[in-house]
Amino acid sequence: MPRYMYHIHAAGVTSRDQAGKQHPNDGRAVAYGQLIADELAEEYEYRGAIVDVLTPSGRLIARLVSSRAFPPWLQSTPPAQRALH
């Protein structure tokens with residue numbers, strides 16, 4: 001199985017993945033990258049983190065951010081409604 005790398009850009013620093021993770025295809029690798037982005041966004045200071053997913057040859061196949069990084073009006077699911085009174 002190919003080994004994909006996950007480079008993380010957050011707080012002005014780039015952390016380059018040296019170990020990577022094996023996946024059977026690009027789709028699975030991208031899905032895993034999205035999990036990384038979403039987990040990072042659980043910490044407020046990392047909500048703007050970017051995760052680059054690279055193939056074993058070093059080709060960028062995805063640049064991902066957490067859905068929490070988007071303003072509420074751009075999120076795919078609307079935020080919970082609450083009464084203003």
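The questions and answers below work through strands, core, salt bridges and rings in a predicted model.

Q: Which element supplies the largest share of the largest nonpolar core?
A: The largest nonpolar core has nine residues, among them Tyr4, Ala29, Val53 and Leu64. Strand S1 (3-10), helix H1 (26-40), strand S4 (50-54) and strand S5 (60-64) each supply at least two residues of this core. The largest share, three residues, comes from H1.

Q: Leaving aside neighbours within four places in sequence, which residues is Ala29 in contact with?
A: Ala29 belongs to the largest nonpolar core, which also includes Tyr4, Tyr6 and Val53. Once the neighbours within four places in sequence are left aside, those three residues are found in contact with Ala29, together with one further residue, His23. The full list is therefore Tyr4, Tyr6, His23 and Val53.

Q: How many bridges join S1 to S4, and in S4 what is the bridge partner of Met5?
A: Strands S1 and S4 run antiparallel, and five bridges join them. Within this pairing, the bridge partner that Met5 has in S4 is Leu54.

Q: In the hairpin of S1 and S2, which residue in the turn has a positive phi?
A: S1 and strand S2 (residues 13-15) pair in the antiparallel sense over three bridges, and Ala10 stands opposite Val13 in S2. The hairpin that they form has two residues between the strands, and the residue in the turn with a positive phi, of about 50°, is Ala11.

Q: In the hairpin of S4 and S5, which residue takes a positive phi?
A: S4 and S5 pair in the antiparallel sense over four bridges. Their hairpin has five residues between the strands, and the residue that takes a positive phi, near 95°, is Gly58.

Q: Is Asp52, which meets Arg63 in a salt bridge, buried or exposed?
A: The side chains of Asp52 and Arg63 meet in a salt bridge with an N to O distance of 2.6 Å. Asp52 lies in strand S4 and Arg63 in strand S5, so the pair ties together parts that are 11 residues apart in sequence. Arg63 has 55% relative accessibility and counts as exposed. Asp52 has 5% relative accessibility, and because buried means under 20%, Asp52 counts as buried.

Q: How many residues apart are Arg59 and Asp26, which form a salt bridge?
A: In this salt bridge the closest N and O atoms of Arg59 and Asp26 are 3.9 Å apart. Arg59 counts as partly exposed at 48% relative accessibility, and Asp26 also counts as partly exposed, at 32%. The pair links distant parts of the chain, with Arg59 in the loop between S4 and S5 and Asp26 in helix H1, and the two are apart by 33 residues.

Q: Are the rings of Tyr6 and Tyr32 stacked or edge-to-face?
A: A search of the whole structure finds one aromatic pair. The ring centres of Tyr6 and Tyr32 are 5.2 Å apart and their planes stand at 70°, and because planes over 60 degrees apart count in this class, the pair is edge-to-face.

Q: Which residue lies over the face of Tyr32?
A: Tyr32 counts as partly exposed at 29% relative accessibility, whereas Tyr6 counts as buried at 5%. At 5.4 Å from the ring centre of Tyr32, and over the face of that ring, lies a residue of strand S3 that stands opposite Tyr4, namely Lys21.

Key: Residues are numbered from 1 along each chain as its sequence is written. This is a predicted model: local features need pLDDT of at least 70, side-chain atom pairs count only at pLDDT 80 or more; totals for chains, interfaces and linings use all residues. Side-chain values use heavy atoms; hydrogens and water are left out. A nonpolar core is a set of buried Ala, Val, Leu, Ile, Met, Phe, Trp, Tyr and Cys residues joined through side-chain atoms within 4.5 Å. Buried means under 20% relative accessible area, exposed over 50%, partly exposed in between (1.4 Å probe, protein chains only). Contact means heavy atoms within 4.5 Å. A salt bridge is a side-chain nitrogen of Lys or Arg within 4 Å of a carboxyl oxygen of Asp or Glu. Two strands pair if DSSP finds at least two bridges between them. Rings of Phe, Tyr and Trp (its six-membered ring) pair if their centres lie within 6.5 Å; planes under 30 degrees apart count as stacked, over 60 as edge-to-face and the rest as tilted. A charge sits over a ring if NZ of Lys or CZ of Arg is within 6 Å of the ring centre and within 35 degrees of the ring normal.
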